[in-house]
Structure formats: C-alpha cells, structure tokens
Amino acid sequence: MVCCAHECSTFLMQRHIEKKREPFVFQVTARPLRNNAVYRSQFAYSHYPKPEGLNRNPVRLFVIVSMQRSGSGWFETLMNSHVNLSSNGEIFGQKDRRKNVSMIINTLDRVYNMDLLTRSSKNECSAAIGLKWMLNQGLMDHPEEILDYFTKRGVYVIFFLRRNMLRRLVSILANSFDKEAKLLNGVHVSHAHSHEEALKLSRYKPTINLTSLESDLGKMELMAMKALEYYNRTRHIVVYYEDLMKNPYVSK
C-alpha cells in the first residue's frame with residue numbers, strides 16, 4: 001500500500017510538472033520571399049567560416065542542448081539527414097575540451113569555423129553547422145561566458161528535452177546495465193539500430209529505487225529548468241521528444 005501511494009504521488013508530481021510546459025506545435029510554412037523584411041533581418045546571423053584551405057558559403061550556427069538518454073542522438077541524425085545541415089555530435093564529450101572556459105570557447109570557434117570535423121559532420125554542408133552539447137558537459141559551469149559567446153555569434157539554441165523524466169531514468173538504468181552485460185553479441189551499444197536489437201535490449205527490466213525516485217526526477221527537472229533560465233536570452237526553441245514523435249511529418 002505504501003509503495004502504491006508513493007507511485008501515485010510521483011505520478012501526480014509528473015502531471016504537475018507537465019502543466020508547466022506548453023506542447024510544441026510543428027507547422028509547415030512557405031519559404032519567405034527574399035525581399036521580405038523578416039527574411040532580410042536574418043542576414044545578421046549569417047557567418048562566413050574560413051577553414052584552413054577551404055572557402056565556404058555563409059552558414060547559420062546552432063547548438064542542440066540536451067541530456068543523456070533523451071533521444072538527442074536520434075534527433076541529431078534526423079537533422080543531419082538534411083543535405084544542407086551538419087551537426088558534429090557531442091564535441092564536449094572529451095573532457096580536455098571543457099576543462100576551462102578558454103578551452104570551451106576555443107573548441108566552439110574551431111567547430112563553427114569548420115576546422116574541427118567529426119564522423120557526424122558533412123563537408124558539403126552549405127546552410128547550417130552546429131553540435132550537440134549535454135548539460136553535464138561544461139555548459140552549466142560557465143553560463144555567463146557561454147551566453148555572451150552565443151549572443152555575439154548569433155548561435156541558435158535548440159533545447160531538446162523529454163517531458164517524461166521517468167522514462168529517461170529507465171533508459172539511464174538500462175544503458176548502465178548493458179555496459180556490463182553487453183547483451184548484443186558481447187558488445188555494448190548506447191542505441192539500438194534495428195527492431196531486433198531494440199527487442200533484445202528491452203527484455204531487461206531495471207529496478208527503480210522508490211525511496212529516491214522523487215528526488216532523482218526532481219534533480220533532472222531542476223537541471224533542465226536551470227538551463228532554460230540561463231540561456232533564455234538567446235535565440236532559441238524548445239523541442240520535446242514526445243511532441244516530435246507524434247508529428248506526422250517526422251513519422252513519414
């Protein structure tokens with residue numbers, strides 16, 4: 001009975017959090033005319049990278065801000081499927097690139113000047129270039145300096161989050177288990193790449209600590225809210241995984 005009551009209170013807490021968020025509505029709009037005032041106003045956000053030994057067309061800069069196990073890998077793959085868009089993956093996954101704010105700024109410059117290429121990037125990109133940045137990879141440690149950089153360079157911030165933090169927690173626990181168990185032919189994979197792999201990985205049912213569940217979910221929610229508070233003065237958009245999955249244009 002105590003367990004059921006705790007689960008019920010956790011569910012109600014999730015519903016309370018959900019009410020604070022507005023669902024994101026995707027719309028397909030016509031391309032603006034080149035003499036349109038709004039279209040011309042965007043010229044200020046065009047940049048001309050000068051990578052070593054290569055001339056580039058003007059590009060837009062963006063960053064995907066997310067948390068592990070939120071579907072950001074799938075979202076970045078979706079974005080990279082566009083021929084004129086290139087995202088470089090988790091650049092700050094390497095600790096030496098984020099050991100201090102100077103290294104962070106230097107790394108951002110290298111990415112946006114197209115001098116730092118990864119397996120995820122595309123050399124033929126001609127419209128927009130960016131990266132994926134997790135909240136626990138230095139982004140929250142130097143908010144003022146990073147905000148100033150984003151503002152000066154006109155970086156567009158895409159917050160990609162999950163509404164259901166409980167499902168994110170389950171995914172974290174399952175991924176942690178697979179690092180040791182290596183369910184797929186003795187190899188650990190962070191993401192399933194086929195229906196068969198997904199079925200095999202889903203057989204593991206993690207055990208959730210109900211004692212700390214409310215606290216764990218609260219910490220996740222607090223981190224996301226702090227990120228939105230720190231960077232709400234940037235040009236940004238908030239996209240939720242669940243909303244995107246329901247979008248008919250994406251499902252096609």
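**View 1. Helices H7 and H9 packed against each other in a predicted model.** Here H7 (residues 165-181) meets H9 (residues 210-230) at an angle of about 105°, and their axes are 10 Å apart. Axes are lines fitted to C-alpha atoms, for helices over the stretch in contact, and angles run from 0 to 180 degrees between N-to-C directions. That makes H7 roughly perpendicular to H9 (65 to 115 degrees counts as roughly perpendicular, under 35 as roughly parallel, over 145 as roughly antiparallel and the rest as oblique). From H7 come Met 165, Leu 166, Arg 168, Leu 169 and Ile 172, while H9 brings Leu 213, Leu 217, Met 220, Glu 221 and Ala 224; contact means heavy atoms within 4.5 Å. Sorted by class, this contact has eight nonpolar, no polar and two charged residues (Ala, Val, Leu, Ile, Met, Phe, Trp, Tyr, Cys and Pro count as nonpolar, Asp, Glu, Lys and Arg as charged, and the others, Gly among them, as polar).

Residues are numbered from 1 along each chain as its sequence is written. In this predicted model, local features need pLDDT of at least 70, side-chain atom pairs count only at pLDDT 80 or more, totals for chains, interfaces and linings use all residues, and side-chain values use heavy atoms, with hydrogens and water left out.

**View 2. Helices H4 and H6 side by side.** H4 (residues 101-112) and H6 (residues 143-153) pack at about 25°, with axes 11 Å apart, which makes H4 roughly parallel to H6. Look for Val 101, Ile 104, Ile 105, Leu 108, Asp 109 and Tyr 112 on H4, touching Glu 145, Ile 146, Tyr 149, Phe 150 and Arg 153 on H6. Eight of these residues are nonpolar, none polar and three charged.

**View 3. The open sheet with its five strands.** The strand order is E2-E3-E1-E4-E5, with parallel pairing (two strands pair if DSSP finds at least two bridges between them; helices, H or I of at least four residues, and strands, E of at least two, are DSSP runs numbered from the N terminus). E2 (85-90) and E5 (235-240) are the edge strands with a single partner each, so one side of each has no neighbour in the sheet. From one strand to the next, the twist averages 20°. H4 also packs on this sheet, touching E1, E2 and E3, and its direction makes about 145° with that of E3.

**View 4. A salt bridge between E2 and E3.** Glu 90 pairs with Lys 132, their closest N and O atoms being 3.6 Å apart (a salt bridge is a side-chain nitrogen of Lys or Arg within 4 Å of a carboxyl oxygen of Asp or Glu). Glu 90 sits in E2 and Lys 132 in E3, so the pair ties together parts 42 residues apart in sequence. Lys 132 is also the bridge partner of Glu 90 in E3.
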